[in-house]
Structure formats: C-alpha cells, structure tokens
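Welcome, and please open your viewer. We will go from one selection to the next, with a short note on what to look for at each stop.

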Amino acid sequence: MKILVTGGLGFIGSHTVVELQNSGYEVVIIDDCSNSSEKVLDGIFAISKKMPVFEKINLREKEKVHDFFKRHTDIKGTIHFAASKAVGESVEKPLLYYENNINTLIYLLQEITANKKQSFIFSSSCTVYGQADQMPITEDAPVKKAESPYGNTKQIGEEIISDTCRVDPELQAISLRYFNPMGAHPSAEIGELPIGVPQNLVPFITQTGVGLRDQLSVFGDDYPTPDGTCIRDYIHVVDLAKAHVVALERLLAGKNPQNYEVFNVGTGEGSSVLEVISSFERISGKKLNYSIVERRSGDIITAYADTKKANEILGWKAGSTLDQAMKSAWDWERKIRK
Ligand code: UD1
C-alpha cells in the first residue's frame, strides 16, 4: 500500500519512513530540502534496505502538488510532516509561517479530499495546550491561546482538518500532539540535523558534548519545580515514529468511530533540564559545561503527557527510557562529527 510522507527527509519524517517501510508500506516522500538533505535517503536505505520514491516539491506550489496527485492516484494515506518549526523565526516572519504551514495543508487536503477513502495524519504539538492547568495533560485539556505564530499554525491546522472531516466522511484523520522528540535511530544512520545553532535542548547538549558549542545555557533555575528547571516529556523519536504507523493502521482498518481524533504522543514522564543533563553525563561519561542564565521568554514551566488514550486506543506505548534516547542522540552526534 502506497503512503505519502511529506517532509519525509526531516527528523521525525525520516524515522517514520523507516518504520513504515519496515511494516511493509510503499513510501513516497515529498520534501523541498529546505531543512533537510537528499543524503537522508541513503540512511533510510541503509536501515530498511528499501529506497522510497522521492520527489523534490515545495508544497506551496499548488500546481505541482496537483500534478503529483494526478501521477500518484493509488496513494491511500498521507502523513504530513512538512512545515516550518522554528518558534523564534515564526515571531519574526509570521506570514512565512502561515504560508508554509497553512496554505500547504489546504492544498494537500484539497487534493486528498478529491479522492475517495483517504487517511491523513497531522504533526501537531503539545504546544497547543500552552501551560496546562493540570499534569499530566490529557487530550481534553483546553487549547490555550498560542504563544507564537508557529504554535498558532498547529492549532489552526487541527481546526482545518477537523472542519474538513466534519463535512467529508471519506476523510479519516488523526492529529498526533507530540511532546518533546529527541534521539536518533539506534543504527546512527539517521538523526536530527539542526541547521545553525540548535534551539532545542538535546541537540544543544550533544553539540556541546562534542565541542561544537562551548557551553549550554540553562534557561532559568527559579521555576516552581523540584530543582527549579523546566520539566518536559522527552520521547525517543523511534517511539514517536512507531506511533504514526499504528495511528495510520487504525485509520486504514476503519477502526475509528469518529473520522477525526487527537492523541498525545509522549512517555508520560516529566524530566527537568538538569535531569536531562545528568542523563547525558551518565551515558557519555563526560561532564557537560553549562551555566544557569535568565529564563527564556515564552517557556512554559511543566508539560508532560497523559498517554492513556494512545495506550488504550492505539495500543501504543513509548518503550525507551530517557537514557536510551540520550544514548542514541549521542551516538548520532559523534558519528556525524567524525
Ligand atoms: C520547543 C518549542 C515548541 C516546539 C518544540 C519542538 C519554544 C518556546 N517552544 O519546545 O513550540 O513544539 O520545541 O521540539 O521554543 N533549554 C535550555 N537551554 C537551551 C535550550 C532549551 O535550558 O539551550 C530548556 C528550555 O528552557 C526548556 C527545555 O530546555 O525548558 C526544552 O526546550 P526545547 O528543546 O526548546 O523545547 P520546548 O521549549 O519544550
């Protein structure tokens, strides 16, 4: 069965392509390589011994998207990762983010809904909850006003899909709200490739560990948490990738009673910034150079998932520990810096 993966050369996309191919799906990737590289295809091939079809297309080019679907009439499902994701940049360039993340979703859905019986999985984020009032966060927690245009594109994206599903029962969709993805494939053939200075914690730690950065800045240690640093739910990217396969299978099997559903994808465990640093020090045997600095504006204090819905309905559970995820991130970082 043929599945389209947009953004399939990116961090989460590439790991999902591997899991899909390992489960027997035929994958077609669309990616514009704006934040990825065609070399990722070699890594995917090295792991799954299958080369996905790849088309370099920018989804903003509506005619090209239309032409793509005319040529691939046998696609049964789409997993849509392609999007811009830098929170700070989205504040500076809101229109770019709305164009990249919203227009492209609309063009895709226009093509998909022109066909019968289609499955669609959307990359959403726990950012839609903002600072939730209760931990762990369930899917029923209210969506809070977005802190950035990036976060807003995830909220609007979910609404666009939900509204479309309401009028089109042929469209079966799931939004997966990711917590904090980290790590790499254990083979170290694929992983995260941030361009420039990483904004996210784990790649900053591993880059500091290999000497590419002098020091990690810990953004605040005066939060109301046990050690004063912020708490997040860090999920191994391979576990996250597998969640896409089971979500897709639910849609393809028609097991979903409603044609639009949302699921949290996290481990259910919260870890503080200092605990993540300790994990790095444990698995690498190195002391990490870090200092405490001011809080980063826009950071929430604590976010970790209630994973009951995904556990019970999707039959999915994150299998890796923080240390296992950290080890994979560290192996990958050392490999690419050789
Ligand atoms: C960030 C985005 C979120 C996005 C997610 C994708 C912001 C405010 N939020 O989430 O919208 O969906 O990435 O993965 O950018 N930290 C440091 N030093 C650093 C980097 C991070 O102390 O150099 C701390 C942060 O304060 C935070 C934790 O590490 O407490 C995790 O930060 P990060 O990896 O950027 O993820 P989020 O902020 O949770």
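Domain bounds here come from an automatic or database domain assignment. That assignment gives domain 1 (2-182 + 234-265) and domain 2 (201-232 + 268-336), so colour those two selections first. Before going on, note that this is a predicted model, in which local features need pLDDT of at least 70 and side-chain atom pairs count only at pLDDT 80 or more, while totals for chains, interfaces and linings use all residues. Residues are numbered from 1 along each chain as its sequence is written, and side-chain values use heavy atoms, with hydrogens and water left out.

**Stop 1: between the domains**

The centres of domain 1 and domain 2, taken over C-alpha atoms, are 24 Å apart. Their contact (heavy atoms within 4.5 Å) involves 24 residues from domain 1 and 27 residues from domain 2. About 2,400 Å² is buried between them, with carbon and sulfur atoms giving 69%; buried area is the accessible area (1.4 Å probe) that two parts lose on being put together, summed over both.

**Stop 2: the ligand**

Now select the ligand and the residues near it, meaning those with a heavy atom within 4 Å. Which domains supply this shell? Both domain 1 and domain 2 give at least three residues each. Of the 18 residues around the ligand, Leu201, Ser217, Arg232, Arg296 and Asp299 come nearest. Strand β8 (residues 216-219) provides the largest share, 4 residues; strands are DSSP runs of E, at least two residues long, and helices are runs of H or I, at least four, numbered from the N terminus.

Next, show the polar contacts (pairs of N or O atoms within 3.5 Å). An N or O atom in the side chain of Arg232 is 2.5 Å from an oxygen atom of the ligand. For Asn200, a polar side-chain atom lies 3.0 Å from a ligand oxygen, and for Gln199 a polar backbone atom is 3.4 Å from one.

**Stop 3: two backbone details**

Most residues other than glycine have a negative phi, and most peptide bonds are trans. Select Lys49, in the loop between α2 (40-48) and β3 (53-56): its phi is positive, about 55°. Finish at Pro136, in the loop between β5 (118-125) and α6 (149-167), where the peptide bond from Met135 is cis, with omega near -10°.

Definitions and conventions: Polar contact = N/O pair within 3.5 Å; in protein donor to acceptor, adjacent residues only side chain to side chain.
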